[in-house]
Each structure stands twice: as C-alpha cells, then as structure tokens.
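Me: I have just opened this structure and would like some help in reading it. Could we go through a few of its contacts together?
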Amino acid sequence: MLQISYDWLVNKIKKIAPFIFNRFSLISLLVGLFLVIIIDCNSRSYTRSKPQLSTKVISLNPLNPRPRPIFGAHFNFADPPNELIFHMVMKDKRPILAKALRDAGVEDLRISFHGYYSHLGHQESLKLREINKLSNAFPWIPAEVFISFIKDFGFTTVLGVNVEEGPEVAVDLLKRFEKANALGLISSIELGNEPFLSARPWTPEEYAQKSAEIIKALRPFKVKFAIAVIVGKDNNGPTKIPGNDYCDRTLATLDPLVDLKNSDDIYGAVHLYSRGVTPIAIDQFNQIIRKYSKMKYQVTEYNIRLSLKGNPHLTNAYAMEFARKLNQLIMSPDIVGFWIHSFPYHAINYWTDGKIATVIGFTDSKLGEEDLTPGWHLTPAGKVHHFYQSLAWNGDILAFYEEGNVQYWVINSPTKGKLVSVLNDQYESLEKVISFGDKKLPIQVKGQEIVCYELDSGKQLSSLTLSH
C-alpha cells in the first residue's frame, strides 16, 4: 500500500499551485498531483505490506522398515603409490589405515583380484596378467595379510576371485579364510570383474560356466556369491555383444547349472557410473534379471562421474550431487550395498606424502598446504559418506520424500531412536515442519546443507555444509 504523508502532499501542492490555478482549474490540480506522485515514485522507496506466510508441513508416509545398504569402498591396492599394501604390512601403520577407512564411512572392503593378483604367489600373478593383457605392477602380498587386517579391525569384504583360476584355487582361498576363522567376514564372493570388458575376452557362456563351477565348489562354505551383470544396447566392448544380450545369455547359461531361480545365495554385481547412478538403472536390470532370478544387487563399483579428470571430487559441488544421487539409490529395495570406486584414488579419500597425492594427475591446484599434510585426507564427498554411514542413514529406513532439490528421510537408529535428516540442495534456507507419525518437528536448514535431527526431542544432532 502506497504511504504518503500529509506534510509532503501540502508542500507539493504549494509548489505547483500557481501554475495550476493560473491555467487550468481544479481538474488540472488533480492531474498535476497525479503526475507528481508518479514521478516521485521513481526516486522514493515506499513500504508495501507483506502477506503472512504459514510454515509448510511436510508429511512423511511410513514405509515397512528395512535395513539400509552396506557402505563400502573398492579397495584399490594395485595402483601406485601402493600405500594400502604398505599400511597393511607395517604393524604400526595398520591402525592408521583402519582409522582412515572409518573416517570415510567405510564398513566393507571390496578387494577384487581383477585378473592380475593370485593368492598362490607372484609368479602365478604374472601369468594371470599375461592372460588378461594387464600391466598393473604392485608388491605381491599373501592373502593372509588382508585377512588379518579385516579381522583385527572389524571390516567385512566382498572377495573377488579370478574365474579363470578355477574352483580348486577358489577353494584354497576359502580354506585360508576358514583357518583364520574369518568366513563370516565375507559379504560375497564376486566372480571376476567386468568379464564383458575383459581384453581376454570372455563370452557370456564361458563366463557363466566357469562361474557355476566355482559356485558349486564353494557352496559348502555357506558363503554368498555375486555374478557380474550388465545392461545397455551398446556393443563397443571386446566381445561386440550388447550389454542386454550379454546379461541375458549369462543368466540363461547359469540358470540350469546352479538352479538360479531357486537360489537365495546369489547377488548381481552391478557397476553404475555417471548417468547410471539412478534407480532407473535398477529397473533396467530387473527387466532382464527377473526372468531368471529374484536376486538383489551389490553395487560393487559406482561413481557419479565416468571420469574424474580434473578431480571434481575435491569440491563441495560434487559432494552435494553425490549425496543427493546416493540417497535416491539407497531407497531402491533391490540394492543391498554400495562400494564406491575407489579408495584411496577417487571420490572419498586420498593419501599424500606432501609431494604427490592419490588424485588424478597425482596433484591438483585445489590442494593447498593443509591438504598436502602427509597422511590420509577426506574429500567433501568422504565427509558425506561418513555422515551418512555413521548417523543420517545408520539404522532401518522408515520414510523418504523428495521435493525438487530437497530430500527428507527418517531412520530408526540402533542407539539414538528415530532420526530425521534433510538435504537442502538450494541456495535458499529452508523452514518447514516435518510430520511423521504423531510427531511434528520444526526444522531450519541453510542452503546447501544436510542436517540430522532427533525426532522425539527435536534436537539438531549434526549438520554438514557444502556451500559452493
């Protein structure tokens, strides 16, 4: 509403009165006054009344409670500098490595032999590398070093075996876990790594047949398995077979060999990158796989970029995108775990000796003096990963809702009761009331922030700001 004082109006009339009454009359006075007001509006600020806005209530519908997925990382030991190997071998460094993993929110280590490592020895590893046309060079270590590390520090593992080594070698490896009383630490036996991309190459039928032999040989150990699956219409791999066809032919061959339809000990090993980090990708897998199996999926490699050239994972912008896309995937009931690619080279963590760092190019202008302090360092995405694993997603999933660039979810923490978390991927602050069950929780979240609240008390437990 336009506010004009009485004194201001009188002064304006006095200034124009002689001009008006000498020429025009009362009508001219009104017209002149109108013109003065319009002109003055360009140079004065007027107060407008503001409507009273009510705080919007966001009602979260309860879901059937289910466990959240595993938070893991691909344990990359075969690229230099080989700090993972050195830290596992050196007794005084083992606790330092374990802490670095915990600080990054890692529970499970996916150690894939990738066709370049054999636990039988260095010479066998060299033979494997030649067969698979690989060039990775690294200090060979006994499998017992890795077994003792995860056992001593409470990690579990997706254990990748070489399908080309056959069932006898796989049995020998499992006996070593059994001898160490560590069979219970195996989340799954992952059968090879991306056979559809191997330069060997593998046909889907050969891969399925070799995998079936290993599954049959290892079933007495009561472990689970993860079979490599792929989707897509591209046929630019070594076999020139489109992903959809490769997956279908693999499962069609495997089904009668291991009774796939009636098996509850087999997962699909899925790799998701870039545009594939979405629940839509899981729907695409289901369209093929549900013809053969009710298997769930272990996403044993994933990243929101196909390439990390330029080290985007050192930025808050990457971390917020990572956080939002990971939330969407967590809500897929078909996924039982995520293993981010990779530790310590991509995404959540890096190691440095003060000169080089385990990032793309071994250095980056975004790394300042503090970032190059010798040791292990979290990236912004690593802070998200820890925040999720230790707090915001640490419990059974009870609710989730997404509205634009804002996400809300509820979990039942084993130690803190019901927790409500909010991700605000907007520049503007957010003020809402969350309704869940018989509780109403007022929340305030800054722009580009993730916040976790205790539902019963309304107390804010922690927050993570990712301004960019």
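Reply: Certainly. To begin with a term, contact means heavy atoms within 4.5 Å. Please note that this is a predicted model.

Me: Which residues of α6 meet α7 in that sense?
Reply: From α6, Ala-143, Glu-144, Ile-147 and Ile-150 take part, and they meet Leu-173, Arg-176 and Phe-177 of α7. Sorted by class, this contact has five nonpolar, no polar and two charged residues.

Me: And at what angle do the two helices cross?
Reply: The axes of α6 (residues 143-153) and α7 (residues 166-179) cross at roughly 40 degrees and come within 10 Å. The two are therefore oblique to each other, and the crossing is right-handed.

Me: Changing topic: how many salt bridges are there?
Reply: The count comes to 21 salt bridges. One of them joins Asp-265 to Arg-219, with the closest N and O atoms 2.9 Å apart. These partners are 46 residues apart, and each lies in a loop: Asp-265 between α9 and β7, Arg-219 between α8 and β6.

Me: Is Asp-265 buried or exposed?
Reply: Asp-265 counts as buried, at 13% relative accessibility. Arg-219, at 25%, is partly exposed.

Me: What about Glu-321, which residue does it pair with?
Reply: Glu-321 forms a salt bridge with Lys-325, at 2.7 Å from N to O. Both lie in helix α11, four residues apart, about one turn of the helix. Glu-321 and Lys-325 are both buried.

Me: Which residues are joined into a network?
Reply: Arg-110, Glu-190 and Glu-301 form one network through salt bridges that share partners.

Key
Residues numbered from 1 in each chain as written. Predicted model: local features only at pLDDT ≥ 70, side-chain atom pairs only at ≥ 80, totals over all residues. Heavy atoms only, no water. Axes fitted to C-alpha atoms, helices over the stretch in contact; angles between N-to-C directions. Parallel < 35°, antiparallel > 145°, perpendicular 65-115°, else oblique. Left-handed = near helix turned anticlockwise from the far one by under 90°. Nonpolar A, V, L, I, M, F, W, Y, C, P; charged D, E, K, R; others polar. Salt bridge = Lys/Arg side-chain N within 4 Å of Asp/Glu carboxyl O. Buried < 20%, exposed > 50% of the residue type's maximum accessible area, 1.4 Å probe, protein only.
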